[in-house]
Structure formats: structure tokens, C-alpha cells
Amino acid sequence: MVGVLSRFRGSIILIAFVALLVWWFSSDRETDVQSGNLVELESLKTFTENSYQNFLTKYKDTPRPAQSIRIEAEQYSSADGEVSVVTDLGGDVGRALMTNETGQVTWSLEVKEAGLYQIGIRYYTVPGKSSAIERTLRINGELPYQGADSLIFDRVWKNGMTEFERDNRDNELRPSQIEHNTWQEAVLEDANGLAVEPFLFYFPKGANTITLESLREPMAIDYLQVYQAPAAPAYADMKAGYANLSSPSDILIKVQGEHALYKSSPTLYPIPDHTSSSLEPYSVSKIRMNSIGGLNWRMPGQWLEWELEVPEDGLYKIALKAKENLVRGVYSSRKLYIDGEIPFREMANLKFYYDADYQMNVLGEEDEPYLFHLTKGKHMLRLEASLGEISPLINTVESSVLELNAIYRQILMITSATPDTFRDYQLERRIPELVRVFEKQRDILYTVAEELRAITGEKSDKTAILYTMSRQLDDMANNPNTIAGRLKQFKLNIGSLGTWLLTVREMPLQLDYLIVASPDAKLPEANHSIADGMGHEAGKFVYSFIEDYNTIGNTNEAGQQSVTVWIGTGRDQAQVMKEMIDDTFTAQSGIHVDLKLVNIGALLSATLAGQGPDVAMEIGISDPVNYAMRNAAYDVSQFPDFEEVARRFQESAIVPLRFNGGVYALPEQQLFSMLFYRKDVLKELELEVPDTWDDVYEMIPELQKRYMQFGLPIQDQAATMVPNDTFSMLLFQSDGDYYVNDGERSALDNDVSMKAFERWSDFYTSYKFPLTYDFMNRFRLGEMPIGIAPYNTYNLLTVAAPEIRGLWDFTVVPGTQAEDGKIRREAASSGTAVMMMQQAKNKDAAWEFMKWWTEKETQIRFGREMESLMGAAARYPTANIEALQELPWPVKDYKNLEAQWQWVRGIPEVPGGYFTGRHLDNAFRKVVNLGENPREALYDHVLIINNEIAIKRREFGLRDGTEVSAHAADNDNN
């Protein structure tokens with residue numbers, strides 16, 4: 001026993017000693033690695049060839065002349081597309097040029113002195129699709145740099161009502177947001193907020209041209225101005241001029257944040273906050289719209305504007321009751337404008353640090369606040385989200401990610417994505433710049449981490465990945481022979497840097513109210529006392545037993561028509577939908593909707609028990625027909641206005657909802673595949689975007705000899721009842737189909753289907769395509785520079801891969817050339833539907849709800865609301881044709897979508913059809929994994945599919961397809 005204890009103690013001591021050595025080695029090594037790595041970033045930073053940063057470097061010694069040139073918009077020199085001169089627009093009696101959402105306009109100007117200038121524009125937000133206006137600018141026919149290819153001009157929005165309405169439970173309803181068409185003045189600047197100052201443009205001496213090309217939305221232009229925008233003075237200079245100005249006394253003007261007069265986005269709506277009794281207005285049990293901003297107000301360029309009236313001239317201080325409780329490790333930055341101008345330089349970078357509670361943020365020092373000279377009367381105060389001091393750091397890391405991506409692809413071309421760790425690839429010899437790039441990026445990332453720590457005052461998760469990547473780059477630079485074994489972790493760290501770029505630019509801020517006060521006025525406390533807080537929490541607890549906080553909006557009143565609706569998505573979607581129902585559908589129709597958020601998997605059992613809803617939303621497109629077979633779904637084609645409603649959708653979206661002469665749901669969402677490609681990588685490899693599958697076959701060897709891959713849609717193992725998208729494309733483009741005789745039997749045993757199956761499986765047997773992969777990460781790294789994916793991947797890439805912004809695009813899928821020379825591009829449809837149950841008590845009311853939900857205006861609003869809550873990644877893939885046109889897609893991208901949409905085909909749902917996708921996948925797995933003959937494998941599984949279809953058709957009293965085929969076979973034999 002003593003010996004055991006002795007050995008145990010010895011083991012403990014040994015483990016502790018080893019741990020101490022590891023700790024010492026790691027900490028000492030970090031010091032050794034990083035102590036000399038602080039560098040002057042400007043000496044090492046590299047950017048893409050056409051970046052704005054390289055433009056500034058090129059023209060850093062160029063003068064900025066004081067000349068100002070105003071160009072009246074109607075005096076254009078040429079136009080491509082529809083333009084017109086209008087007058088009396090928005091109360092302005094002058095003339096303006098109306099431009100459409102496509103086309104371009106060119107103006108001529110004479111520059112007396114060559115140099116760098118800024119460009120301002122006065123424009124009017126004419127009605128359009130209610131998304132931001134987007135233009136490309138060219139100087140003398142050339143794009144000056146990346147960033148000028150996507151200039152954003154804000155629309156203006158306001159609350160639909162000044163006083164918030166309340167429901168019959170005394171809860172305030174969120175006001176709708178309506179567009180305020182008005183004249184705006186803007187200086188051209190970076191839409192992503194990465195440039196601190198407005199863009200500069202170089203104009204040579206003499207004749208020049210400016211071209212604006214429309215990418216999205218129409219707008220009217222009054223004039224353009226080439227000039228130097230005045231820089232805001234420092235506060236010290238402003239203060240020096242205050243000697244003769246007086247300060248009023250006992251004045252405190254409070255403006256509630258939720259009553260912002262104007263805003264840059266309809267997503268900046270008032271929101272309720274029930275976390276503190278200090279919120280204004282406050283109720284312990286009822287919903288009050290008492291704040292604004294939060295997560296919705298996080299992206300650079302978003303602004304809110306309030307109107308306030310000052311009783312007398314003088315100097316005032318400004319305070320904001322706000323909190324930033326969403327992002328740690330970095331502050332939220334804002335710019336302050338008063339009457340359209342930044343009053344002094346310090347107001348271009350207001351910092352709001354993380355805190356769980358509201359803070360009274362007095363602008364300036366607490367003991368000596370900044371003073372603002374305001375004249376008697378009305379003033380406009382605007383707060384705009386910006387990146388502040390962090391923007392150059394983001395620029396630097398973005399350029400580093402691109403360079404690390406490029407070096408990763410070079411390594412990949414030598415080692416493959418799964419290198420042999422025991423092999424010496426001699427990477428430092430085959431890639432001569434390898435060690436130099438690693439050392440440079442090590443120093444850059446470490447310096448960025450140190451600068452970020454200095455700015456924010458702490459180490460955090462925002463600096464962790466920068467330090468981690470810096471250490472790894474140092475190790476790989478010192479030990480190139482270890483790179484192959486660490487390639488996977490290197491790839492993950494590059495992906496983490498891309499995520500860092502995404503999260504660090506988010507600047508959320510929630511605002512309760514603003515205060516403009518005389519210097520002597522005492523400001524209210526941001527938070528109430530501990531006793532008030534305890535009373536608030538106690539009241540919340542008591543009312544949690546009384547109030548139904550899961551019900552949003554009005555409750556059903558006696559005698560009112562009612563519809564029960566189940567939805568199986570997230571709570572955010574359900575809350576947005578309920579608010580839309582209350583303030584639009586119920587208000588207009590008088591029909592109450594009892595919306596319930598449920599696990600949609602419970603729908604079948606609830607329906608069988610007679611406890612189901614009247615309408616089920618967000619269900620898979622295979623469900624309506626399966627319910628209809630069991631007489632559980634209602635045939636909505638019986639309503640007299642069905643054909644009119646059906647015209648809202650493509651026929652391909654309705655096909656899966658048809659059965660036995662009826663239609664058992666309406667489409668909600670419709671998805672289909674598009675071809676995504678990296679422009680930069682294909683250019684580097686001298687490859688063209690494939691137009692047909694023959695082009696794809698030619699491209700595959702060129703990619704694979706560099707260890708790159710072409711991405712094909714992979715089968716989701718959780719949804720094998722859905723046929724694979726790649727097979728569907730090959731089948732439909734060859735004029736094949738899944739079923740014959742209106743779904744009586746499978747058509748996958750004919751020659752067209754067999755050939756399509758052989759072509760599909762050949763990608764995985766002959767070309768060794770991966771069966772599983774993460775398209776997003778491989779695409780952003782360049783491992784998979786081209787691939788087919790659902791079109792909503794566009795939204796994900798736009799948001800989650802900022803480092804490759806402008807380096808990728810999407811287009812129609814590869815096609816198959818028909819005998820007449822036409823290229824067919826069919827792709828399969830998928831999506832969700834809204835279904836009326838057979839047991840619905842008030843079918844007319846349920847139909848009214850379904851019509852309202854799928855109409856254009858409702859789908860547009862829901863799409864915008866979801867995008868506001870969850871960002872552009874949540875852009876709604878509506879099945880409504882007109883609604884998709886109105887969602888904020890750039891014109892070029894929407895045209896690509898529309899071109900593919902015309903080729904989309906729906907897959908019919910038939911009794912037993914769930915066996916089609918499942919056994920198609922089973923046959924595919926036998927070919928790929930077991931090496932079976934494709935035709936034999938598919939034929940064997942088609943027999944199983946047909947058998948299941950026959951069983952189900954007999955079960956539901958339908959004609960048996962196997963009997964038909966047998967009869968046809970007898971006739972052939974005779």
C-alpha cells in the first residue's frame with residue numbers, strides 16, 4: 001500500500017513538473033516570438049492591386065486643390081438607358097435628372113488643376129423597391145479602385161405613427177416603417193465603413209468624365225460636386241471661439257430614442273426593453289416601445305436622426321443614455337452630426353464600451369463635458385454607426401487573410417488538402433516566398449492584436465485569434481518542415497480570421513433617450529436604486545403568473561372570427577409574423593389569428609387526435625400531398641379565386657403540391673441551385689466559367705491536378721427522401737422525369753434515367769468527388785473555387801466572407817446542349833409551403849389568411865423584417881415572383897436568378913414517393929462505395945420504389961401502376 005502511494009505521489013510530481021515545463025516553455029516562447037514583432041504596419045501592409053489603400057499610396061504626394069466644380073445633373077454628356085429631366089420634385093422647383101435602376105449616365109467636366117478631389121451628390125429617393133440605392137462610379141471610363149464599384153445611397157424611413165398604438169391587452173404595438181422620399185446630400189464614401197474619410201478621386205488637368213452606372217434602384221440627381229469637403233476643426237479650436245458665448249441655465253431637453261424622426265433603414269424600429277425600471281416609458285407588466293437600436297443598429301453607415309427644439313441661444317452639453325451589452329472586447333463607435341455637420345473632430349469617433357447596464361454617456365470628459373453652440377429653434381441631431389479607429393486594423397487583417405489564402409492555395413497545389421505528414425515536400429524551396437510571407441504576416445497580425453488591445457484596453461476573444469495565428473505563423477516560418485502536418489489547423493485559423501472580420505465590424509448600441517442640457521443642469525441617473533431594481537424583479541416574477549408573455553398582440557374577442565395557425569420555425573420569425581398579423585391582417589380583415597410556435601413534427605399526431613391547427617406554415621413541400629392522401633389536407637383549388645392566387649408563383653413551385661386533380665397548399669419559399677465561382681482563382685488558373693457539362697468535364701482535370709475541386713450538391717443524410725440536385729439536373733436536362741402515368745410508377749428504369757445516373761455516379765467513381773464537404777469554407781479559401789449550391793448561399797457568402805468581397809459571383813447552372821442547339825439548364829425546386837388542414841372549422845377565414853400571407857406586400861415586409869433581425873444572411877427566398885423582384889437584390893444578380901428560375905422544375909409528390917430519394921441514394925452508395933454496376937444498382941432499387949408506390953396506391957384506392965405496366969408488357973409481347 002505504501003509503495004502504491006509512493007508511486008502515486010511520484011506520478012503527481014512528474015505530471016506537475018511536465019506541466020510546469022510546458023507552461024514555462026510556452027510562455028517563454030511566446031515572449032521570444034513576440035517581443036520583437038511590433039512593427040510599423042504601414043511598412044508591411046499589402047493590399048489587392050485595385051484596392052483603395054493602394055490608390056492612396058500611389059497618390060500620397062498628390063495635391064488636393066481647393067477648386068470646386070458643380071455639375072448640374074441634367075447637363076449630362078451621354079446616357080445609356082432610360083433617363084429623363086424632371087422638375088418640382090420633392091418641393092424643389094429646380095430641374096433634376098431621373099435615372100433608372102439600370103443604365104449609366106456620363107458627365108463632362110474641366111479640371112484646372114490636377115489632384116485629389118472628393119465627390120458630393122444631391123439626390124432624391126424616388127419610390128422603388130425600398131432597398132438602398134447602389135451605383136458604380138468611373139472616372140474617365142475607368143474604375144478608380146475597388147469600393148467605387150458599389151456606392152450606397154441611403155433611403156430615409158420614419159415611424160408610420162408618432163404615438164404608438166396599443167392592443168386590447170394594453171401592450172404597445174411596434175409602428176410600421178414608411179419611406180420618407182426626400183432630398184439628401186452625400187459625399188461618396190466606402191459602403192463598408194473601412195475608409196475613415198470620404199473617398200478621394202484623382203482627376204488629371206483638363207477634360208474629364210464622371211460616369212454613374214445603376215446597379216440597384218432608381219434615383220433623381222440634382223447635381224454632382226467635385227470639391228474638398230471641409231474638415232471638422234478640433235474641439236480646442238472650437239472652444240477658443242466660445243469666449244463671447246453665454247451658457248443658459250436650468251435647461252434639460254430629453255428626447256426619447258424610440259421617437260427618432262428619420263432613419264437610414266426600416267430595420268431601425270422602436271423595440272421594447274424590460275430589463276430595468278429606469279427605462280422610459282416603463283411598465284412592470286406591459287410591453288412598451290421604450291428604446292431603439294440594439295442588434296439592429298450595428299452595421300457601419302446606419303444612422304438615426306432626432307429633432308429637438310432649443311429654447312435659447314447658448315452652449316449646451318449632450319448626453320446619451322445607452323448600453324452596449326452585446327459585443328465584448330471592442331467598443332461601439334458613433335459619429336455625431338448636428339444639422340448635417342460634424343461639429344468638431346472628436347465627434348467623429350464616440351466610443352461606447354461594453355456594459356450590461358445602461359450608462360449616462362456625457363460627451364466629453366465627465367468633469368468637463370464638450371459644449372456645443374446651438375441657436376434658438378429646431379435642430380437635427382444624427383448618430384451614425386462607424387468603425388472609428390478600428391477600421392484601418394480591419395483593412396489590414398482583410399489584406400492579410402487574402403495573402404494567407406493565396407499562400408495556402410500554393411501549398412495546397414503541392415501537398416493536397418490531406419498531406420502525408422511523413423513526407424518532406426520541400427515547401428520552402430518550391431515556394432521561395434513562403435517563409436518571407438509567414439514572417440511578414442506574423443508581424444502584422446501581432447501588431448494588429450497589440451494595437452487593438454491598446455485601443456480597447458484589454459485582451460479578449462477579439463485579440464485571441466490574432467495572437468494564435470501569429471504564433472502559428474512564427475512556428476511554421478522557423479520550421480517549414482512541419483507545415484504539412486499543421487495544414488489543417490492553418491486552414492481553420494484562416495477561417496477564424498475571416499470570422500473575426502465579420503464580427504469585429506459589428507457595432508451594436510441600444511438607446512433609451514438623449515439629453516441636451518445647459519452646463520449647470522444635473523443629469524438623471526442611468527439606473528435606479530437597488531431597491532427599485534428589486535421591486536422591478538419582484539413585479540416581473542408576480543406578473544409572470546398573470547401575463548401571457550408568449551402571446552403577442554390582441555387576444556380574441558367574443559364573436560370574432562378566428563384561425564389557429566401553427567409555425568415550426570424560430571421564435572424570431574414567429575414574433576415578427578404575429579406583429580404583422582395584428583397590425584395588417586387582423587386590422588384589415590377582422591379575423592383573429594392564434595399563432596402558435598410548435599415543433600412541427602407534432603402536426604401529424606395532433607391532426608390524428610383532432611387537436612391540430614387550421615393552417616400549418618413552414619412545412620416541407622412533400623407534406624401537403626402526404627396529408628392529402630390521408631384526407632387530412634384541404635384542396636385549396638376549390639376556392640373560386642385560386643387560379644388568380646396561383647399566378648403569384650412559378651408552376652414549378654406548385655407541382656409538388658398537386659395530387660389527384662387537387663392542390664393542397666400554397667408555396668411560401670422556393671429554392672433552386674446556382675453556379676458559384678471565384679473570379680480571382682479562375683483568372684489565376686486561366687479557366688473560364690463552364691457553360692455546359694462538357695465544359696465542366698474539361699475543367700475538372702485542371703482543378704484536380706492542383707488539388708482543387710468542383711463542388712456538386714451533396715445529399716443531406718437527414719433528408720434522403722429528397723432526390724439529389726445533381727441527378728435532378730442531369731435527368732431533367734436530358735428530358736427525363738421521375739414518374740410516368742401521373743405518378744403510377746417510377747421512370748428511373750428507362751434509358752435516359754440510367755444514363756443520367758451513370759453520369760452522376762461517374763463524378764464520384766472516376767473523378768473522386770468528395771461525398772461530404774463544407775462548401776462555404778472551401779470556397780472562401782479557394783480549395784473549391786467553383787461549385788453548385790442553393791441560391792441562398794449568396795446571402796451567406798455576402799455576410800460571412802467579407803475578405804473575398806468582389807472576388808466571386810454566381811450564374812446559371814451548367815447546361816446540356818439539345819439537338820436543336822439550345823442549352824437546357826433545368827434544376828430541381830425545393831422549399832416550404834403553407835397548408836390548410838381538412839379539419840379547419842372556418843375554411844374561408846383560413847383561406848383569407850393563406851392569401852394574405854403569400855401576397856406580394858406581406859412577403860416583402862416579412863423578408864425585410866427577417867433581414868433586419870438576422871442580417872443579409874437571412875434574406876428570404878420567397879416563392880412569390882413579384883416579391884422576389886422587390887427584395888434588395890442587385891439588378892445583375894436578380895437577372896441571374898431570374899434566368900435560372902425559368903428553368904426550374906418541380907418534382908411531383910406521389911404515394912410512396914418518399915422511396916424515390918431514399919433508394920436513389922442507396923443505389924448511388926452501392927456504386928460509389930461497393931463498386932456495383934450503375935445500371936444494375938439503379939434497376940434493382942427501382943423495383944423497390946415501384947413496389948412501394950403500388951402498395952401505397954392500393955392503400956389509398958388509386959389505380960395500381962404495376963398492373964398498368966404489366967398490361968403494357970403483355971401487349972408488347974403479343
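In which sense, parallel or antiparallel, do strand β27 (residues 562–567) and β28 pair, and over how many bridges? The legends below start with that pair and then move through other close-ups of this predicted model.

**View 1. A five-stranded open sheet with β27 and β28 side by side.** To settle the opening question, β27 and β28 run in the parallel sense, and six bridges join them. A handy landmark here is valine 563, which stands opposite valine 593 in β28. The sheet as a whole has the strand order β28-β27-β29-β42-β32, with mixed pairing. At its edges are β28 (592–597) and β32 (666–671), each of which pairs on one side only. On average, neighbouring strands of this sheet are turned by 20 degrees against each other, direction ignored. Helix α11 packs on the sheet and touches β27, β28 and β29 (615–620). The direction of α11 makes about 180 degrees with that of β28.

**View 2. Helix α11 (residues 571–589) packed against α22.** Two packed helices are described by the angle between their axes and the distance between the axes. For α11 and α22, the angle is about 110 degrees and the axes are 12 Å apart. The two helices are therefore roughly perpendicular to each other. On the α11 side, the contact is made by Met577, Met580, Ile581, Thr584 and Phe585. On the α22 side, look for Ala845, Glu848, Phe849, Trp852 and Trp853. Sorted by class, the residues of this contact are eight nonpolar, one polar and one charged.

**View 3. A buried salt bridge between lysine 851 and aspartate 641.** The closest N and O atoms of this pair are 2.6 Å apart. Lysine 851 belongs to helix α22 (residues 843–854), while aspartate 641 sits in the loop between α13 (623–629) and α14 (642–646). With their positions 210 residues apart, the two link distant parts of the chain. Are these partners buried or exposed? Both lysine 851 and aspartate 641 are buried.

**View 4. A partly exposed salt bridge between glutamate 368 and lysine 239.** The side chains meet with an N to O distance of 2.5 Å. Here too the pair links distant parts of the chain, 129 residues apart. Glutamate 368 is in the loop between β23 (359–362) and β24 (372–374), and lysine 239 is in helix α4 (residues 235–240). Glutamate 368 has a relative accessible area of 46%, and lysine 239 has a relative accessibility of 38%, so each counts as partly exposed.

**View 5. A salt bridge within helix α19, and a network elsewhere.** Aspartate 751 and lysine 755 meet through their side chains at 3.4 Å, N to O. They are separated by about one helical turn because they lie four residues apart in helix α19 (residues 751–765). Aspartate 751 is partly exposed at 40% relative accessible area, and lysine 755 is partly exposed at 46%. A companion panel can show Arg166, Asp170, Glu172 and Arg288, which are linked in a network of salt bridges. The count for the model comes to 51 salt bridges.

**View 6. Strand β20 (residues 314–323) and its antiparallel partners.** Of the 10 residues of β20, 10 are buried, so the strand is largely enclosed by the rest of the structure. Three bridges join β20 to β24, where leucine 315 stands opposite histidine 373. Seven bridges join β20 to strand β26 (residues 509–517), and there the bridge partner of alanine 319 is isoleucine 515. Four bridges join β20 to β23, with glutamine 359 of β23 as the bridge partner of alanine 322.

**View 7. Backbone features to check: a cis peptide bond and two positive phi values.** Most residues other than glycine have a negative phi, and most peptide bonds are trans. Glutamate 280 and proline 281 are joined by a cis peptide bond, with omega about -10 degrees. Proline 281 is in the loop between β17 (270–272) and β18 (289–294). Aspartate 339 has a phi near 55 degrees and lies in the loop between β21 (332–338) and β22 (350–352). With a relative accessible area of 42%, aspartate 339 is partly exposed. Lysine 768 also has a phi near 55 degrees, in the loop between α19 and α20 (775–781). At 60% relative accessibility, lysine 768 counts as exposed.

Terms used
Residues are numbered from 1 along each chain as its sequence is written. This is a predicted model: local features need pLDDT of at least 70, side-chain atom pairs count only at pLDDT 80 or more; totals for chains, interfaces and linings use all residues. Side-chain values use heavy atoms; hydrogens and water are left out. A salt bridge is a side-chain nitrogen of Lys or Arg within 4 Å of a carboxyl oxygen of Asp or Glu. Buried means under 20% relative accessible area, exposed over 50%, partly exposed in between (1.4 Å probe, protein chains only). Axes are lines fitted to C-alpha atoms, for helices over the stretch in contact, and angles run from 0 to 180 degrees between N-to-C directions. Angles under 35 degrees count as roughly parallel, over 145 as roughly antiparallel, 65 to 115 as roughly perpendicular and the rest as oblique. Contact means heavy atoms within 4.5 Å. Ala, Val, Leu, Ile, Met, Phe, Trp, Tyr, Cys and Pro count as nonpolar, Asp, Glu, Lys and Arg as charged, and the others, Gly among them, as polar. Two strands pair if DSSP finds at least two bridges between them.
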